[in-house]
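Colleague: I have the sequence and the coordinates open, and I would like to go through some local features with you, one question at a time. Please give me the reasoning along with each answer.

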Amino acid sequence: GTLWKLNAAKRAVARGVRVAGCDASEGSSVYVSAPFENLGDNANWKFGTGVATWTGAKDGNFTNDLNWAGGTAPDAETVAEIAAGATVTISSPVTVGGLFLGGGTGAVQLKANAELSVNGLLSVGTNATLELNAPATARAVEVLAGGEITHAKYASGVQRTLDLSVTGDMVVDADGKVSAAGKGPGDVNIGSTGASHGGRGYGGVACYGSYVHPSKAGSHGRDSQSGGIVRLKVGGALVVNGQVDADAKSTAYYYGSSGGSVWITAKSVSGAGAIRADAGDNGSAQNSRIGTGGRIAVVATDTVAADTLLMSAGYARSWCGGASGTVYWKDGTMTHGKLGLLNRRVSATEEFIFGPGCVTPMTGDWTVDGVEVFGPALLAVGDGRTLTLPNGFASVGSTDSKARGGLLVTDGAVAAGSGPQT
């Protein structure tokens, strides 16, 4: 007969079921632990997978058998479920069949200080935080509303990276976060300067990092953490309806920190959410020394929904402001990709003054299919650099009617043709 359909949009766990002729292939896998009866013709049902439920009876060690109902820690064939009210640590490499965090009323925090491998679905739900301090892999990932994936804050000279590889699809729901906000260096008074990264801050040092392969944390201002590092490698589709960010934190002082790095590769990237590496705000609109935006790169073999995703590597204040960072995106139709100076933090009605040296300088000879400016931003082509635009000046534009800035060509050149990417 005709199969009946079940579309499990999110995580699904079942016990004590008797099921036949169910096609669940359009949604998430259904994980079924004993007792059950599998009467056949059931697609995408994971019978006998086993679900281990956290009790925390002994301590906070993930691999301690005594912390799990039934007395056995989850293995590569078992779904680990930590629903509510727990702080758990992974100190040695772990492989599980699936990992379901949160969804209950109490906060869940899982700190993965060693490699984490999830053979099935990694689901981070409401009130749950997954802190990845070592590389992690999963078949599929969902970050539900109220859930967050992050990495630990910079400390004692150690900078972490949120490094997550997904063989299938990844979804970040509205109000879900993949965030390294405030996880870069900070809490140090560097003097009367705004921190640099993708751009050069007011009185700051030279910018740094790659616009194509961003992998550096931001720099600190005064008493504020800069942005950390997010690296997502998704084999399938990435849908961002929440946020993926490496923003700097705000400060009550004049001297702001810079945004960090977000580097995404996927088959496709879509959604109506935000991808950001913005500078932090500060306590004064005038006489400020603002940090700059960081760097973002989004590369897909198929499509990038640049029109619906809110991408920004900007800065917060206009007076004596910092500079825009860089946003780079490339889809399967592009040869070189596009470069954006997307500063969405300064209000379109706010008076704006470019601070001394507050530009986004090229760090090498760059070739892009186009340049887009949003808000106040200046791309400086100087110091003998060459910006190559194979499609000519017609490829330089803006979707912002209030955009201020554009290309600042001093000792450099703008040319047609092809060239390297750095």
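Colleague: Which residue in β31 is the bridge partner of leucine 341?

Modeller: Please keep in mind that this is a predicted model. Strand β28 (residues 338-342) is joined to strand β31 (residues 370-374) by five bridges, and the two strands run parallel. Within that pairing, the residue of β31 that partners leucine 341 is valine 373.

Colleague: And on β27, which residue stands opposite lysine 338 in β28?

Modeller: Strand β27 (residues 326-330) is joined to β28 by three bridges, and here the two strands run antiparallel. The residue that stands opposite lysine 338 in β28 is tryptophan 329.

Colleague: How many of the five residues of strand β28 are buried?

Modeller: A residue counts as buried when its relative accessible area is under 20%. Strand β28 is largely enclosed by the rest of the structure, because the number of its five residues that are buried is four.

Colleague: Turning to the open sheet of three strands, in what order do they come?

Modeller: The pairing in this sheet is parallel, and the order of its three strands is β2-β4-β5. β2 (12-19) and β5 each have a single partner strand and stand at the edges, so one side of each is left without a neighbour in the sheet. From one strand to the next, the twist averages 40°. Read across the sheet, then, the order is β2-β4-β5.

Colleague: Which residue in β5 does valine 32 stand opposite?

Modeller: β4 and β5 pair in the parallel sense over three bridges. Across this pairing, valine 32 stands opposite a residue of β5 that also belongs to an aromatic cluster with Phe36 and Trp45. That residue is phenylalanine 47.

Colleague: Which residue is joined to alanine 34 by a cis peptide bond?

Modeller: The omega angle of this bond is about 0°, and the bond is cis. The partner of alanine 34 is found in strand β4 (residues 30-38), and that partner is proline 35.

Colleague: Where is asparagine 44, and is it buried, exposed or partly exposed?

Modeller: Asparagine 44 has a positive phi of about 70° although it is not a glycine, and its place is the loop between β4 and β5 (45-47). Because its relative accessibility is 22%, asparagine 44 counts as partly exposed.

Colleague: Serine 156 has a positive phi as well; what is its relative accessibility?

Modeller: Phi of serine 156 is near 55°, a positive value in a residue other than glycine, and serine 156 is found in the loop between β15 (147-150) and β16 (162-166). Serine 156 counts as exposed because its relative accessibility is 78%.

Colleague: Histidine 151 is in the loop between β15 and β16; which residue has its backbone nitrogen 3.2 Å from a polar atom of the histidine 151 side chain?

Modeller: Histidine 151 counts as buried because its relative accessibility is 0%. Leaving aside neighbours within four places in sequence, histidine 151 is in contact with several residues, among them Glu131, Arg160, Ser179 and Gly228. The backbone nitrogen that lies 3.2 Å from a polar atom of the histidine 151 side chain is that of isoleucine 229.

Colleague: A search of the whole structure finds seven aromatic pairs; how far apart in the chain are tyrosine 31 and phenylalanine 100?

Modeller: Tyrosine 31 and phenylalanine 100 form an edge-to-face pair, with 5.7 Å centre to centre and 75° between the planes. The pair links strand β4, which holds tyrosine 31, to strand β10 (residues 98-101), which holds phenylalanine 100. Both residues, tyrosine 31 and phenylalanine 100, are buried. Along the chain they are 69 residues apart.

Colleague: Why is the pair of tryptophan 54 and tryptophan 68 described as it is?

Modeller: Tryptophan 54 is buried, with a relative accessible area of 12%, and tryptophan 68 counts as buried at 2% relative accessibility. The ring centres of tryptophan 54 and tryptophan 68 are 5.1 Å apart and the planes stand at 85°, so the pair is edge-to-face.

Colleague: Finally, which ring does the charged end of arginine 231 sit over?

Modeller: The charged end of arginine 231 lies 3.8 Å from the centre of the ring in question. That ring belongs to tryptophan 263.

Terms used. Residues are numbered from 1 along each chain as its sequence is written. This is a predicted model: local features need pLDDT of at least 70, side-chain atom pairs count only at pLDDT 80 or more; totals for chains, interfaces and linings use all residues. Side-chain values use heavy atoms; hydrogens and water are left out. Buried means under 20% relative accessible area, exposed over 50%, partly exposed in between (1.4 Å probe, protein chains only). A polar contact is a pair of N or O atoms within 3.5 Å; within protein, one must be able to donate a hydrogen and the other to accept it, and residues adjacent in sequence count only if both atoms are side-chain atoms. Contact means heavy atoms within 4.5 Å. Two strands pair if DSSP finds at least two bridges between them. Axes are lines fitted to C-alpha atoms, for helices over the stretch in contact, and angles run from 0 to 180 degrees between N-to-C directions. Rings of Phe, Tyr and Trp (its six-membered ring) pair if their centres lie within 6.5 Å; planes under 30 degrees apart count as stacked, over 60 as edge-to-face and the rest as tilted. A charge sits over a ring if NZ of Lys or CZ of Arg is within 6 Å of the ring centre and within 35 degrees of the ring normal.
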